[in-house]
Amino acid sequence: MWDQEYATEQYVYGKLPNDFLKERYQAIPMGRVLLLAEGEGRNAVFLAKQGYAATAVDISSVGLEKAKKLAEQSAVDIELICEDLATFELGESQWDGIVSIYCHLPPALRQDLYKRIERALKPNGVFLLEGYRPAQLAYKTGGPPVAEMMIAKETLVKELPNLTFSHLEELEREVVEGINHHGVGAVVQAIGTLRQ
């Protein structure tokens, strides 16, 4: 599905970084950052421009090929990994930051991934997330069509018990990211630090 989604000259989520990441990226310690379901590379390229060592993982080779082009156009290096998040090994104490921007997964997979995220962060490493919450179904401006793949504040607190959240907010905001996210959206934003 994602190969088809990205099989166009156009960057379907745009070339600019996610607004929340752009505003809050400095919460992530400088170093190695993993971007989950990173698609066409806009957020990885942005972080590379800020001096981070950015690694983008995505299931779509088509999306990652576009990410490679975007990095070349921007004169930065990013690491690209084509793997399914269901089986991707994040490692242990590997990452200064892990970023999840609109990475919506079935609950069982999400819960398993969140456990792997906690293991994969270095002590004091930061998890930064923006995603749609169930109220988004009323807006129809992006995201999956089922509530169980959405993310709520309570979900994050429950499924990431080893993180301390310095920012955790549910809000409505204008999301303008290419042709696929366009209009008012019901989102959750989070910045969590792995407790030592």
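User: A nonpolar core is a set of buried Ala, Val, Leu, Ile, Met, Phe, Trp, Tyr and Cys residues joined through side-chain atoms within 4.5 Å. Which residues have the most contacts inside the largest such core?

Analyst: The structure is a predicted model, so what follows describes computed features of that model. Its largest nonpolar core has 32 residues. Within this core, the residues with the most contacts are Leu21, Leu47, Ile78, Val99 and Leu128.

User: Which element gives the most to this core, and how many residues does the second, separate core have?

Analyst: The element that gives the most to the largest core is α3, with 5 residues. Apart from it there is a second core, which includes Leu36, Leu160, Leu163 and Leu194. The names asked for are therefore α3 for the first part, and for the second part the size of the separate core, 25 residues.

User: Is helix α3 (residues 42-49) enclosed by the rest of the structure or exposed, and how many of its residues are buried?

Analyst: Arg42, Asn43, Ala44, Val45, Phe46, Leu47 and Ala48 are the buried residues of α3. The helix is largely enclosed by the rest of the structure, because the buried residues number 7 of the 8.

User: Which elements do the buried residues of α3 pack against, and what is the phi of the residue Gly51 that follows the helix?

Analyst: The packing partners of these buried residues are the helices α2 (19-24) and α4 (61-73), together with the strands β1 (32-36), β2 (53-58), β4 (95-101) and β6 (163-177). After α3 comes Gly51, with a positive phi near 105 degrees.

User: How far apart are N and O in the salt bridge between Lys66 and Glu40, and are these residues buried or exposed?

Analyst: The side chains of Lys66 and Glu40 meet in a salt bridge at 2.7 Å, N to O. The pair links distant parts of the chain, 26 residues apart, with Lys66 in helix α4 and Glu40 in the loop between β1 and α3. Since buried means under 20% relative accessible area, Lys66 at 7% qualifies, and Glu40 at 4% also counts as buried.

User: Which of Asp96 and Lys122, which meet in a salt bridge, is partly exposed?

Analyst: Their side chains come to 3.2 Å, N to O, and because Asp96 lies in strand β4 and Lys122 in strand β5 (residues 121-132), the pair ties together parts that are 26 residues apart in sequence. Asp96 is buried, with a relative accessible area of 13%. With a relative accessibility of 28%, the partly exposed partner is Lys122.

User: Which helices does the salt bridge between Glu159 and Arg110 link?

Analyst: The closest N and O atoms of Glu159 and Arg110 are 2.8 Å apart. This pair spans 49 residues of the chain, from Arg110 in helix α5 (residues 107-120) to Glu159 in helix α6 (residues 153-159). Both partners are buried, and the linked helices are α5 and α6.

User: How many salt bridges are there, and which residues form a network of them?

Analyst: The count of salt bridges comes to 7. A network of these links Asp19, Glu130 and Arg173.

User: What kind of aromatic pair do Tyr25 and Tyr52 form?

Analyst: The whole structure has 4 aromatic pairs. For Tyr25 and Tyr52 the centres are 6.3 Å apart and the planes are at 80 degrees. The two rings come from distant parts of the chain, 27 residues apart, as Tyr25 is in the loop between α2 and β1 and Tyr52 in the loop between α3 and β2. Planes over 60 degrees apart count as edge-to-face, and the pair is accordingly edge-to-face.

User: Which residue joins Tyr25 and Tyr52 in a cluster of ring pairs?

Analyst: Tyr25, at 15% relative accessibility, is buried, and Tyr52 counts as buried at 5%. Ring pairs link these two tyrosines into a cluster with Phe46.

User: At what distance from the ring centre of Trp95 does Arg32 lie, and how far apart are the C-alpha atoms of Ile59 and Leu85?

Analyst: Arg32 lies over the face of Trp95, 4.1 Å from the ring centre. Ile59 is placed in the loop between β2 and α4, where its relative accessible area of 47% makes it partly exposed. Leu85 is 26 residues away from Ile59 along the chain, and their C-alpha atoms are separated by 7.4 Å.

How values were computed. Residues numbered from 1 in each chain as written. Predicted model: local features only at pLDDT ≥ 70, side-chain atom pairs only at ≥ 80, totals over all residues. Heavy atoms only, no water. Buried < 20%, exposed > 50% of the residue type's maximum accessible area, 1.4 Å probe, protein only. Helix = DSSP H or I, 4+ residues; strand = E, 2+ residues; numbered from the N terminus. Contact = heavy atoms within 4.5 Å. Salt bridge = Lys/Arg side-chain N within 4 Å of Asp/Glu carboxyl O. Phe/Tyr/Trp six-rings, centres within 6.5 Å; stacked < 30°, edge-to-face > 60°. Lys NZ or Arg CZ within 6 Å of the ring centre and 35° of its normal.
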